[in-house]
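Work through the exercises below with the structure open. Try each task before reading its solution.

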Amino acid sequence: MSVDHNEKYIFEAEWYDKIAGILKNFYLFYYPYDNTVELFDIKARKTFLRRTTCEGIQAKDFYVGAIVTIFSRNIKITDYADCATRTKLQMKMQKTFAMVKSDALDYLGEILKRTVSCDFHIANIKMVRLTQEEASKFCEGRDNTDTAYVVNYLISGPIVALELLGDHAITRWLELIGPEDTEEARTKAPNSLRACYGKDTVHNALHGSLNEENAEKELKLFFPDSKGRNKGPANTATLKDCTCCIIKPHAVQAKLTGDIVDDIQKAGYTISAIQQFNVNPFDAEEFLEVYKGVLPDFGAMVGELQSGPCIVMELKHKDEKFDVQGEFRKWCGPMDPDMARQVRPNTLRAKYGKTKVQNALHCSDLPEDGSLEVEYFFKILDYS
């Protein structure tokens, strides 16, 4: 079977040039054969980046709505640029909306691990607290006769919204979560997520979009277009008695999010906010500025933080007297994972880190840094 060396996918894409203060529009070409990319500047009508290999990107990273990091630039894919690309990829990488309901949040790590192990790509994640209006909008057009009860349940606590990608994602996710009625799930699909974590028909742990139309509507409600005024439901960060934990891009890309979240929850920490961020070079440098001139790896640390999506969490502890910031920092372990594996092998960096820079996690250094770092992401970057 012959391989087409020039087979390509073409997307419309954009990049905000902060220095020039302008939004640049491109055609982004991706060649699966040799994993190369090319950028064509639409306005200037000339090649912006010649066909070249770009480290850290794979075929699965290219879909509408994705942010692809190409040589330190976060390029957002906004649409398909031709019919051939649309036809090939729409069925290949289908999107669906998933929700982890409030009664199942203590098992978020376990649920994320199962999700990833079933070949779903987590394209976005955010913990939110719905208003009455948002919950009512979410329930619009459903067959449920007791909508008011469902709305009240949805606003009773935080929920985690997920954008999932995968082959036939809509039907496969519905299969994974099982029937709406938990008792039915335990009988007919005992390994399903609702059978494991649900309580009844409403308190059934999870939700999945029923079809493509619903998926599009629900995703738009929770993850609206960044150019619009609507930011979607508010995050749940409290900025009090907390510490900040960031799962770095290399660990997110290695599909370690579920494992790390599970470890954190099982150690007695409570996740009071979680969200995916794509940090641009300027914000990455500003956030890490305290290390400038102090750590020789500062430039590489900035490069890592803005090299792809990262997952940021606000963490608290069930014991209010617990030194959440100090103890979590100790549990993260030394910055160098090799050293961590020798002197503190049970730490998170010993378990998940690769190098001093790609050491899986960032954690707050000082007690006062916890709420400030959480504020930087959940108040400043989320609302900018």
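**Exercise 1.** In this predicted model, find which residue takes a positive phi in the hairpin of strand 1 and strand 2.

*Solution.* Begin with the pairing: strand 1 (residues 9–17) and strand 2 (residues 22–31) are antiparallel and share nine bridges. As a check on the register, locate W15, which lies opposite K24 in strand 2. Next, go to the four residues between the strands; here G21 has a positive phi near 70 degrees.

**Exercise 2.** State how many bridges join strand 2 to strand 3, and find the residue with a positive phi in their turn.

*Solution.* Strand 3 covers residues 36–41, runs antiparallel to strand 2 and is joined to strand 2 by six bridges. One facing pair is Y31 and T36, the latter in strand 3. The hairpin has four residues between its strands, and N35 in the turn has a positive phi of about 60 degrees.

**Exercise 3.** Describe how helix 3 and helix 4 are arranged, and classify the residues in their contact.

*Solution.* Two packed helices are described by the angle and the distance between their axes. For helix 3 (residues 132–139) and helix 4 (residues 147–154), the axes come within 9 Å and cross at roughly 130 degrees. This angle lies outside the range of 65 to 115 for roughly perpendicular and is not over 145, so the helices are oblique to each other. Their crossing is right-handed. Helix 3 contributes Q132, A135, S136, F138 and C139 to the contact, and helix 4 contributes T147, V150, V151, N152 and L154. Sorted by class, the contact has six nonpolar residues, four polar and no charged ones.

Methods. Residues numbered from 1 in each chain as written. Predicted model: local features only at pLDDT ≥ 70, side-chain atom pairs only at ≥ 80, totals over all residues. Heavy atoms only, no water. Axes fitted to C-alpha atoms, helices over the stretch in contact; angles between N-to-C directions. Helix = DSSP H or I, 4+ residues; strand = E, 2+ residues; numbered from the N terminus. Parallel < 35°, antiparallel > 145°, perpendicular 65-115°, else oblique. Left-handed = near helix turned anticlockwise from the far one by under 90°. Contact = heavy atoms within 4.5 Å. Nonpolar A, V, L, I, M, F, W, Y, C, P; charged D, E, K, R; others polar. Pairing = 2+ DSSP bridges.
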